[in-house]
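Here are my notes on the two-chain model. Please read them with the structure open.

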Amino acid sequence: MSTLSTLRTPHPGTDRALRRRRIRRTWGQPWLYIPLAGALLLMITPFLWMLSGSFKPEADIRRIPPVLIPTAPTTANYGELFSTLDFTGMFANSVIVALAVTAGNLIFCSMLGYALAKLEFRGQRAVFLLVMGTLMIPGLVTFVPLYVLVANMQLTGSLLGLILPFLATPFGVFLMRQFLSTLPDELIDAARVDGCRELAIFARIILPLTKPALATLGIITFLGSWNNFLWPLVVAQNESQYTLPVGLALASSGQSFTRFGILLAGAVVVLLPVMIVFLLFQRQFVAGIATTGLK
Amino acid sequence: MSTKTLPERGDTHERSTARPKRSAGRRPSVLRDTARGRQARAAWILAAPFLALFAAFMLLPVVWSLLMSLTDTKSADLRTPLNVSFTGLDTYVRLFQDEQFFHALRNTGVFVLVALPLTLAAGLTAAVALDRGIRRFRAVFRVGFYLPVITSIVAVAVVWRTLLEPRSGLVNTVLGWFGIDGPAWLADTRFALPVMIVMAVWRNLGTVMIIMLAGLQSVPQSLMEAAELDGAGPWQRFWRVTFPLLRPALLLTAVTTGIGYLQFFDEPFVMTGGGPLDSTLSATLYAYNQFGNGNYDMASAAGYIIFVLIVALTVLQFRLLRDKD
């Protein structure tokens with residue numbers, strides 16, 4: 001590369017211009033790193049503050065001015081969090097609900113997505129428009145009747161009430177249909193010629209090919225369910241059904257709000273799993289967001 | 001929907017139900033029909049589970065909600081939701097007579113009008129800086145800027161409340177270094193809503209950035225080189241070449257972010273409860289409070305008004321950002 005740039009530089013005397021060009025090739029605009037690093041620091045400051053606060057003893061938290069690094073780091077906040085509130089149970093509830101909702105969306109949305117993208121049937125266009133048309137409807141429009149419905153189904157006392165309304169979402173159909181339309185028709189036609197049954201084509205040939213889309217939908221759905229807050233807050237009737245965000249919200253609005261350390265530890269427990277999931281799968285996640293343009 | 005439609009060829013008798021969309025000339029027509037029948041049957045089998053759940057938990061509530069807004073449904077009717085009386089547009093009339101609702105609408109309007117452009121601008125700037133400006137550590141910046149998007153609002157609210165604590169919070173401490181006496185932020189009617197706007201930009205610029213990055217990467221390099229040869233500077237190249245190509249992606253993000261912002265709810269709900277003095281009361285929070293007070297009719301009506309506003313904003317944005325030619 002250095003020989004190439006030497007050849008391309010017509011004036012041998014301009015050593016500095018050459019070096020500047022080389023820097024630019026590997027780094028882009030070097031000065032831009034300063035504002036970008038500043039912005040990055042601003043963006044992640046809340047997370048750093050949270051992490052440090054969760055390890056601070058009560059004396060450090062009340063300190064004015066505050067310190068970023070705890071003087072005597074302690075895990076007492078976490079200990080108290082799990083002993084006073086049933087955070088273990090809430091954690092389990094969050095996981096169960098998120099896994100069930102994710103599984104439902106993966107199955108039902110890919111099935112309908114395939115029917116809409118690759119099969120022909122009467123009413124196809126109507127089904128598509130009906131499902132997509134609800135993407136714009138605010139959650140609050142369906143909120144009240146949904147609550148009345150779930151209450152009358154006697155589901156407000158069980159985790160099922162947190163799961164059922166979210167098992168099949170229009171967004172998932174949109175994403176799966178987008179992806180499935182890109183698969184070649186010849187694949188399906190060839191399988192038909194070979195005598196493969198329609199449902200077997202979907203299960204044995206198409207599904208294995210949709211892994212990237214399923215991964216994207218799975219991560220998005222899991223995160224959405226994990227962070228879902230208002231519905232579980234309203235529907236969960238007692239502590240045994242609380243999910244993590246509900247528990248944290250009630251703890252922070254209650255008498256213990258002065259205990260910052262415990263709340264920040266709670267925030268860490270809520271945020272850490274999704275951050276790990278995101279960092280592990282961020283490639284698929286970002287690709288999914290970019291192709292669908294939706295969150 | 002179908003891209004496979006071919007011109008019909010001499011189809012003969014025994015045409016029973018659907019018109020043929022495909023001509024598979026080699027096969028006899030009876031077989032062709034049953035093949036299509038099998039396909040349709042498979043399609044409905046695949047569609048049925050989703051559609052059943054969708055009908056119960058989406059379509060039914062959407063229609064029911066409209067009906068509720070036209071009746072006098074209260075929380076007392078929870079177990080007998082059909083035993084209510086029709087009141088016509090009475091609920092909507094009462095809604096529009098409620099000054100608090102207008103106040104909530106105004107707060108939501110301010111929030112959308114300020115936060116939406118800021119979010120789009122911040123996300124676009126970040127995307128351009130990462131795509132055109134730098135070459136190393138792109139992934140680090142991308143992950144860092146995107147991180148707030150995936151976070152739980154409840155956890156984030158807890159953290160921001162401690163950051164904004166008037167005395168022991170980090171924000172006022174930093175302001176103190178510069179000799180500024182920071183306000184009480186969330187307890188101050190002048191600052192509570194702006195704080196939420198900043199928080200919304202912080203939480204959403206990552207989404208805009210990711211979509212814009214994908215858009216920027218699809219701009220052909222040859223086009224940029226041609227513009228450069230024609231003597232266009234970087235500024236001109238961006239506004240004359242790149243930006244018009246980003247338009248569709250920008251429109252999409254503006255619409256989806258706008259839909260989200262019009263439903264502005266989580267931040268005031270967990271951080272201020274709408275206060276102080278209703279200064280952060282949003283339209284959706286108003287509707288939720290009506291629900292909490294047992295006025296299911298008012299909550300549904302307010303929900304429908306927000307829905308109409310969302311449709312209006314979406315149409316407006318399509319008009320504004322549509323390709324000029």
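1. Is B:L82 buried or exposed? B:L82 is exposed, because its count of other C-beta atoms within 10 Å is 8, and the cut-off for exposed is 12 or fewer. B:L82 is found in the loop that runs between α1 (29-69) and α2 (90-97) of chain B. Its C-alpha lies 9.6 Å from that of B:M68, a residue 14 places away in sequence.

2. Confidence comes next. This is a predicted model. Its scores are ipTM 0.81 and pTM 0.81. Chain B has a mean pLDDT of 80, with 88% of its residues at 70 or more. One stretch of chain B needs a caveat: over residues 1-31, pLDDT stays under 50. For that stretch the model has 24 contacts beyond four places in sequence. I would word any statement on residues 1-31 of chain B with that score in view.

3. Chain A has 16 helices and zero strands. Of its 295 residues, 43% are buried. Take the contacts in chain A with a separation of 6 or more: 73% of them join residues 24 or more positions apart.

4. Now the domains of chain A. The assignment gives domain 1 (2-79) and domain 2 (86-292). Their C-alpha centres lie 35 Å apart. Nine residues from domain 1 of chain A and seven residues from domain 2 of chain A make up the contact. On the domain 1 side, the elements that give two or more residues are α3 (33-54), α4 (58-61) and α5 (76-84) of chain A. α3(A) gives the most, with four residues. By type, this side of domain 1 of chain A has four nonpolar, three polar and two charged residues.

5. Chain B is also assigned two domains: domain 1 (27-67) and domain 2 (94-321). The C-alpha centres of these two domains of chain B are 38 Å apart. Note that the low-scoring stretch of chain B is residues 1-31, while domain 1 of chain B is given as 27-67.

6. How many residues of each chain are in contact with the other? The contact takes 81 residues of chain A and 83 residues of chain B. On the chain A side, helix α16 (residues 260-292) contributes the largest share, 13 residues. The side of chain A that touches chain B divides into 61 nonpolar, 13 polar and seven charged residues.

7. The largest nonpolar core holds 168 residues. The residues with the most contacts inside this core are A:L112, A:A267, B:V154, B:V159, B:M209 and B:A302. Both chains are thus named among them. Helix α7 (residues 192-217) of chain B gives the most to this core, with 16 residues.

8. What does B:V154 touch, leaving aside its neighbours within four places in sequence? From chain A, B:V154 is in contact with A:F229, A:P245, A:L248, A:A249 and A:V270. From chain B, the partner is B:V270. B:V154 is also one of the residues with the most contacts inside the largest nonpolar core.

9. Helix α11 (residues 283-292) of chain B is mostly covered, with eight of its 10 residues buried. The buried residues of α11(B) are B:A283, B:T284, B:L285, B:Y286, B:A287, B:Y288, B:Q290 and B:F291. B:G294, just after α11(B), takes a positive phi of about 90 degrees.

10. Two backbone angles deserve a look. Most residues other than glycine have a negative phi. A:Q154 is not a glycine, yet its phi is positive, at about 60 degrees. This residue sits in the loop between α8 (139-152) and α9 (160-163) of chain A. A:Q154 counts as exposed, because it has 10 C-beta neighbours inside 10 Å.

11. B:W185 is the other one. Its phi is near 40 degrees, a positive value in a residue other than glycine. B:W185 lies in the loop between α6 (170-177) and α7 of chain B. Is B:W185 buried or exposed? B:W185 counts as buried, because 22 C-beta neighbours lie inside 10 Å, and the cut-off for buried is 20 or more.

Note on methods:
Residues numbered from 1 in each chain as written. Chains lettered and ligands numbered in written order. Predicted model: local features only at pLDDT ≥ 70, side-chain atom pairs only at ≥ 80, totals over all residues. Contact = placed C-beta atoms within 7 Å. Nonpolar A, V, L, I, M, F, W, Y, C, P; charged D, E, K, R; others polar. Domains from an automatic or database assignment. pLDDT = per-residue confidence, 0-100. Core = buried A, V, L, I, M, F, W, Y, C linked by C-beta atoms within 7 Å.
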